[in-house]
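Good morning, and thank you for making time for this presentation. I would ask you to keep the structure in view while I go through it.

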Amino acid sequence: MSDNIASYRRILKTSSIIGGSSVINILIGLVRTKVLAILLGASGIGLVSLYTGLMSTATTISSMGVGTVGTRQIAEAVSKEDAKALAIVRRAMFWGVLTLAITGALVVWSLRDILAIKVLGGIEHTQIIGWLAVGVALSVASASQGALIQGMRRIGDMAKLSVYGSILNTVLGIGLLWQWGNQAIGAFILIGPLFSFLLGHLYVSKLPKSKAVNLSTQDLLAQWKVFLQLGVPFMGAGLANTLVQLWIRLSVSNELGLDAVGHFQAAWTISMQYIGF
């Protein structure tokens, strides 16, 4: 009975921490959306949503669900107090995510002309899409950092990472748009993944180091096999979500124009923040 009570208390505490950070993120998101509407107008918000939708789709494909599976594998190793298993997962995830991040970035950069024309409808988008490749790499890396922090049950760090990232993204992003307007849209989009990665690196560096154990290539290959077997279905589910969102925005843009995409994005952002909470 006492174990159940302790478990309920942990659940309540975790929910309270995550819920509190969600409230803060909702308020920050409302402020950010309103200021963006003033600085960029509806068409500017619509353009930002198309770029971020494309980056999110590319990130989902590039990550191959490793972040989600990594959380599971790390939490399992921690619960069993298996130092070797934890070391294997951390090492395998590091090299696997590094490979996926670089590969995803190179693919997006190589296809920037095609994506600009086929997806966004104009060669003028090529340069920003090329820079989105950097955002894809940073987002994939950030997902693995979040998996490590969450898997090791550092819920407080997860909440801080979310809130601090949101604040920095909002303040610096709005500052760039205030100074340079639409010309800073590319930088505004990249600020989010950049600060998520930098803050994630900061909190990961504070985690206990894995004990030195002898890791063979076979151990790493076996772990990568698990990542792919479990990660691909998660990637498929996430891809269906991001593709549908991107398709909706593109359809609205083609039928009604960027202003309508901006209105849709503003309503979607506010709605999703409340549902997420």
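I begin with F264, which is partly exposed, since its relative accessible area is 24%. W268 falls in the same category, "partly exposed", at 27% relative accessibility. Before going further, I should say that this is a predicted model.

F264 and W268 both belong to helix α9, residues 258-276, where they sit four residues apart, about one turn of the helix.

How many aromatic pairs are there? By the rule applied here, the count comes to two. One of them is formed by F94 and W95: the ring centres are 5.1 Å apart and the planes stand at 80°, so this pair is edge-to-face. F264 and W268 form an aromatic pair that is stacked, with 5.9 Å from centre to centre and 25° between the planes. As a general remark, a pair of aromatic rings is described by the distance of the centres and the angle of the planes. The word "stacked" applies to F264 and W268 because planes under 30 degrees apart count as stacked, and the angle in this pair is 25°.

Let me stay with F94 for a moment. F94 is located in helix α3, which covers residues 83-110. Is F94 buried or exposed? With a relative accessible area of 48%, F94 is partly exposed. W95 is partly exposed as well, with a relative accessible area of 43%.

Which residues make the nonpolar surface patch? F94, W95, L98, I102 and L106 make it, and its area is about 500 Å². Membership of such a patch requires over 30% relative accessible area; F94 meets this requirement because its value is 48%, and W95 does so because its value is 43%.

I turn now to Q223, which is found in helix α8, residues 217-256. At 9% relative accessibility, Q223 counts as buried, because buried means under 20% relative accessible area. What does Q223 touch? Leaving aside residues up to four places away in sequence, Q223 touches Q73, I88, V89 and A92.

The next topic is charge pairing. The count of salt bridges, by the rule used, comes to three.

In the first example I show, the side chains of E76 and R72 meet, at 3.9 Å from N to O. E76 and R72 are four residues apart in helix α2, residues 66-79, and are therefore separated by about one helical turn. E76 is partly exposed at 32% relative accessibility, and R72 is partly exposed at 46%.

E76 has another partner. The side chains of K80 and E76 meet in a salt bridge at 3.1 Å, N to O. K80 is exposed, with a relative accessible area of 57%; the term applies because exposed means over 50%. Taken together, R72, E76 and K80 are linked in a network of salt bridges.

There is also a salt bridge between R154 and D157, whose closest N and O atoms are 3.4 Å apart. Is each partner buried or partly exposed? R154, at 30% relative accessibility, counts as partly exposed, whereas D157, at 11%, counts as buried.

Finally, I should like to step back to the chain as a whole. The protein chain has nine helices and zero strands. Read along the sequence, its pattern is α-α-α-α-α-α-α-α-α.

What are the overall dimensions? Along its principal axes, the C-alpha trace of the protein chain spans about 55 × 40 × 30 Å. A compact globule with 277 residues would have a radius of gyration near 19 Å, and the 20 Å of the protein chain agrees with that.

Of the 277 residues, 44% count as buried. The protein chain exposes about 15,000 Å², and carbon and sulfur atoms supply 66% of this area. As for contacts between residues at least 6 apart in sequence, 81% join residues at least 24 apart.

To close, I return to two places worth finding on the screen. One is the patch made by F94, W95, L98, I102 and L106. The other is the salt-bridge network that links R72, E76 and K80. Thank you for your attention.

Key
Residues numbered from 1 in each chain as written. Predicted model: local features only at pLDDT ≥ 70, side-chain atom pairs only at ≥ 80, totals over all residues. Heavy atoms only, no water. Patch = residues over 30% accessible without salt bridge, like charges linked within 9 Å, V, L, I, M, F, W, Y side chains within 5 Å. Areas by Shrake-Rupley, 256 points an atom, 1.4 Å probe, with all protein chains shown as cover. Salt bridge = Lys/Arg side-chain N within 4 Å of Asp/Glu carboxyl O. Helix = DSSP H or I, 4+ residues; strand = E, 2+ residues; numbered from the N terminus. Buried < 20%, exposed > 50% of the residue type's maximum accessible area, 1.4 Å probe, protein only. Contact = heavy atoms within 4.5 Å. Rg over C-alpha atoms; globule rule 2.2 N^0.38 Å. Phe/Tyr/Trp six-rings, centres within 6.5 Å; stacked < 30°, edge-to-face > 60°.
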